[in-house]
Amino acid sequence: MFLGHFAVALAAKKAAPKSSLGTMVAACQALDLLWPILVLAGIESFRIDPGNTALTPLAFDSYPWSHSLLGTLVLGVVFGWFVAWWGGGLRSGVVAGSVVASHWLLDYVTHRPDLQWAPWLEQRVGLGLWNAPAAAIAVEGGLYLLGAGLYVATTRARDRIGSVGLWAFLALLAVLYAVNLSSPPPPNTQAVAVVALAIWIFVAWAAWVDRHRERSRLRRD
Ligand SMILES: [Zn+2]
């Protein structure tokens, strides 16, 4: 899942208005921010296997640290604690930690059984929504529209960076998702991992845009 993770970050702004969208994007993609680094370091691995599921040619053979439930929960607690300690307060910390955990839940729905409960447990789980492309795209697109709608309703632009920057951010993510769906399998795993590192750019972009937006007057409580 890709857009669905961002949807959770966008929606989280309503639950934790004090936190930056950048923090929430880092939270929603914390697992996928770590994953390419672990892959490039040779600690986790995957294969290119066209048809692995209908929607992705990637076979996630081994990602026990970044994508096991236990790994996710540990990361969520650490991330949430850090957000709270860094001035976000308890509420933002709890929301950020939950957003980290939501990544595993959404991956559980979409991936074929390749997710482990814990690094040392061999059992793999996943509901495999990726094998029903129309349903997967509808769920992901629907979540994304909902999340983006919530963020736009909760905040308003203070200047052009806050408006144009946000729309460009939202549109580029949607385009990347569509391109990824319609392009041929990637040449090698190395290239996939390097491209995946681009998610870091979206964290910075979200933080930048968020600084140019404020809470909308209607929503002040
Ligand atoms: Zn993931």
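**Helix packing in the predicted model**

The buried residues of helix α6 pack against three helices, α1 (3-15), α5 (133-154) and α8 (199-211), and against the strand β6 (213-215). These buried positions of α6 are G165, L166, F169, L170 and L173. Helix α6 itself covers residues 160-182. Its 23 residues should span 33 Å at 1.5 Å a residue, and the C-alpha atoms at its ends lie 32 Å apart, so the expected and computed lengths agree. The model described here is predicted.

The protein chain as a whole contains eight helices and six strands. In sequence order these elements follow the pattern α-α-α-β-β-α-β-β-α-β-α-α-α-β. For a chain of 221 residues, a compact globule would have a radius of gyration near 17 Å; the value for the protein chain is 17 Å, and the two therefore agree. Along the principal axes, the C-alpha atoms occupy a box of roughly 50 × 35 × 30 Å. Of the 221 residues, 40% are buried. When contacts between residues at least 6 apart in sequence are considered, 68% of them connect residues at least 24 apart.

A further helix pair was examined. Two packed helices are described by the distance between their axes and the angle between those axes. For helix α3 (residues 30-40) and helix α7 (residues 189-196), the axes come within 9 Å and cross at roughly 145°. The crossing of α3 and α7 is left-handed. On the α3 side the contact involves D32, W35, P36, V39 and L40, which meet T189, A193 and A196 of α7. Sorted by class, the residues in this contact comprise six nonpolar, one polar and one charged.

The surroundings of one residue in helix α2 were also considered. Helix α2 spans residues 21-28 and includes V25. V25 has 29 other C-beta atoms within 10 Å; a residue counts as buried at 20 or more, and V25 is therefore buried. With residues up to four places away in sequence left out, V25 touches F6, A9, F202, V203 and A206. V25 and H5 are 20 residues apart along the chain, and their C-alpha atoms are separated by 8.2 Å.

Conventions. Residues are numbered from 1 along each chain as its sequence is written. This is a predicted model: local features need pLDDT of at least 70, side-chain atom pairs count only at pLDDT 80 or more; totals for chains, interfaces and linings use all residues. Helices (H or I, at least four residues) and strands (E, at least two) are DSSP runs, numbered from the N terminus. The expected span of a helix is 1.5 Å times one less than its number of residues. A residue is buried if 20 or more other C-beta atoms lie within 10 Å of its own, exposed if 12 or fewer, and partly exposed in between; C-beta atoms are placed from the backbone. Two residues are in contact if their C-beta atoms, placed from the backbone, lie within 7 Å. The radius of gyration is taken over C-alpha atoms; the globule rule is 2.2 Å times the number of residues to the power 0.38. Axes are lines fitted to C-alpha atoms, for helices over the stretch in contact, and angles run from 0 to 180 degrees between N-to-C directions. A crossing is left-handed if the near helix is turned anticlockwise from the far one by less than a right angle, and right-handed if clockwise. Ala, Val, Leu, Ile, Met, Phe, Trp, Tyr, Cys and Pro count as nonpolar, Asp, Glu, Lys and Arg as charged, and the others, Gly among them, as polar.
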